[in-house]
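Okay, thanks everyone, I'll keep this short. Have a look at the sequence and the structure while I talk you through a few spots.

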Amino acid sequence: EPFINLYVCRTEDNIYYIITTSLFASSWPSLESLINLALILEIKMRGVYMRIPWSIPDIGSDEIVAIQEVLKSKWLSMGPKVKEFERRLCEYVGCKHAVMLNNGTSALLATYLALNLGSNDYVIVPDYTFIATVNALIVLGVKPVVIDIDPDTFNIQIEFLERVIEKVKDKIRAIVTVDVAGMPCDYNSIIKICDEYNVRIIEDAAEALGAEYKGKKIGSLGWPTIFSFHAAKQLTTIEGGAVTTNDLELASKIHLIRSHGEDPHRKYWHIVLGLNLRPMDLQATLGLVQLEKIDKYIENRQNIARLYSEELSDYLLPQVVPNYVSRHPYMFYIARLRPIYVKLKNKLLDYLKGKGIDYRIPWPPIHMQPCCRGKVIIPIKPKNSEIVYNAAISLPLYNSMNVEEAEYVIKTIKEFFRTYR
């Protein structure tokens, strides 16, 4: 189950099954007793057998207490906690306005709608991104124009941007940048090109909360920025998203769109086209608690990522972090297998699975996705996105991950290459 982690440990005398769970426990005798059991037996479990998830949310007693308070208040849908979270998110990011939505995809869709993107508009998107970046455009009739990525940073290849714009410049309305794994793009270079061609920037920072570009937090750079608070993120509301902006008119329109376009002063009177994209106070409450912890979470993620990169450098080429990135939050850890080891990728994945280690392979390039065939424009055939996809692996990384768990992943990968090299 998504929020249940099952550890199996064999000792000389017994087999222990230790279940840790989030707030979704229902029929079990006591969450506290399960936690206490896990703590008692954890010493016996560690080092014998470990199941390492790719990601797992860190939901503790603080979150559970906060959720209980909301449940007791009997106001569960969008209400005062959502407003408070929006205010606190503005403070954290350093922007003027934030609008919370029910997930990151909704945040993208609402932003595209608010900017009046529609039929026959062209919008540049990286070929290497999660599908939501593009799907939310296609459903509006927009024509995504794919651009290749840098094989080292995995973000948009700046050298191709001007060439792509030149090929379709009369129809280009915007570019959606994607901060892969949370690492900011080269925004000074992007701004320079976009200003020259009057192309609007929309930032898909679904993975980048807490990231900094040249000392400034992502979400405060002056254009609409989309965040996701999915369960795997460095801050989770289980499902949730937000748009940050300094544009009051844009923020006000997104507020309308997320609630069926309804006039806030006249019930059932709908003044713009909208949908039900509303978040719940239950979600916002989790976000408020997690905002207090996010910097600690990011520091831990950075430490684990550094350990991976240092210990596995003989086998992996990690995402290159340029000097303009002053803070990488490592929503996930991604690296390419060195060219001589790419042929062993599937064997490595099977080996990790057999050792209880989960992983991800992000993502098939957009131009290869079946749902995008005939719906995207490819001015220059992407090559780097395919190279990255064929060679990349994302190793386990989560807020509560400890060094011992990371070392188990490292030890297992080293064992594999000693066996198969």
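So, Lys 267: its charged end sits over the ring of Tyr 268, 5.4 Å from the ring's centre. Keep in mind that this is a predicted model. There's another one like that, with Lys 345 over the face of Tyr 389, 5.8 Å from the ring centre.

While we're on rings, how many aromatic pairs does the count come to? The count is 14. One aromatic cluster is formed by Tyr 315, Tyr 341, Tyr 351, Phe 416, Phe 417 and Tyr 420.

Back to Lys 345 for a second, since helix 11 covers residues 345–354. That helix lies across strand 14 and strand 15, and runs at about 15 degrees to strand 15. Those strands belong to an open sheet of three, in the order 12-14-15, with antiparallel pairing. Strands 12 and 15 are at the edges with a single partner strand each, so each has one side left without a neighbour in the sheet. On average, neighbouring strands here are turned by 40 degrees against each other, ignoring direction. Strand 14 is joined to strand 15 by four bridges, and Tyr 333 has Leu 395 in strand 15 as its bridge partner.

Now the other sheet. This one is open too, with seven strands in the order 3-11-10-7-6-4-5 and mixed pairing. Its edge strands are 3 and 5, each pairing on one side only. The average turn between neighbouring strands is 20 degrees, again ignoring direction. Strands 10 and 11 run antiparallel, joined by four bridges, and Ile 226 stands opposite Val 243 in strand 11. Helix 3 packs on this sheet, touching strands 3, 10 and 11, and its direction makes about 130 degrees with that of strand 3. Helix 6 packs on the sheet as well, touching strands 4, 5 and 6, at about 145 degrees to strand 5.

Last stop, helix 7. Which residues are buried in helix 7? They're Tyr 187, Ile 190, Ile 193, Cys 194 and Tyr 197. Looking down the helix axis, the buried residues fall within an arc of 130 degrees, so they line one face of helix 7. If you want the general logic, an α-helix has 3.6 residues a turn, so residues three or four places apart point the same way. The buried residues of helix 7 pack against helix 6, along with strands 6, 7 and 8. On the face turned away from that buried side you'll find Lys 192, Asp 195 and Glu 196, which are exposed. And right after helix 7 comes Asn 198, with a positive phi near 55 degrees.

Definitions and conventions
Residues are numbered from 1 along each chain as its sequence is written. This is a predicted model: local features need pLDDT of at least 70, side-chain atom pairs count only at pLDDT 80 or more; totals for chains, interfaces and linings use all residues. Side-chain values use heavy atoms; hydrogens and water are left out. Buried means under 20% relative accessible area, exposed over 50%, partly exposed in between (1.4 Å probe, protein chains only). Helices (H or I, at least four residues) and strands (E, at least two) are DSSP runs, numbered from the N terminus. The arc is that of the directions from the helix axis to the C-beta atoms. Contact means heavy atoms within 4.5 Å. Rings of Phe, Tyr and Trp (its six-membered ring) pair if their centres lie within 6.5 Å; planes under 30 degrees apart count as stacked, over 60 as edge-to-face and the rest as tilted. A charge sits over a ring if NZ of Lys or CZ of Arg is within 6 Å of the ring centre and within 35 degrees of the ring normal. Two strands pair if DSSP finds at least two bridges between them. Axes are lines fitted to C-alpha atoms, for helices over the stretch in contact, and angles run from 0 to 180 degrees between N-to-C directions.
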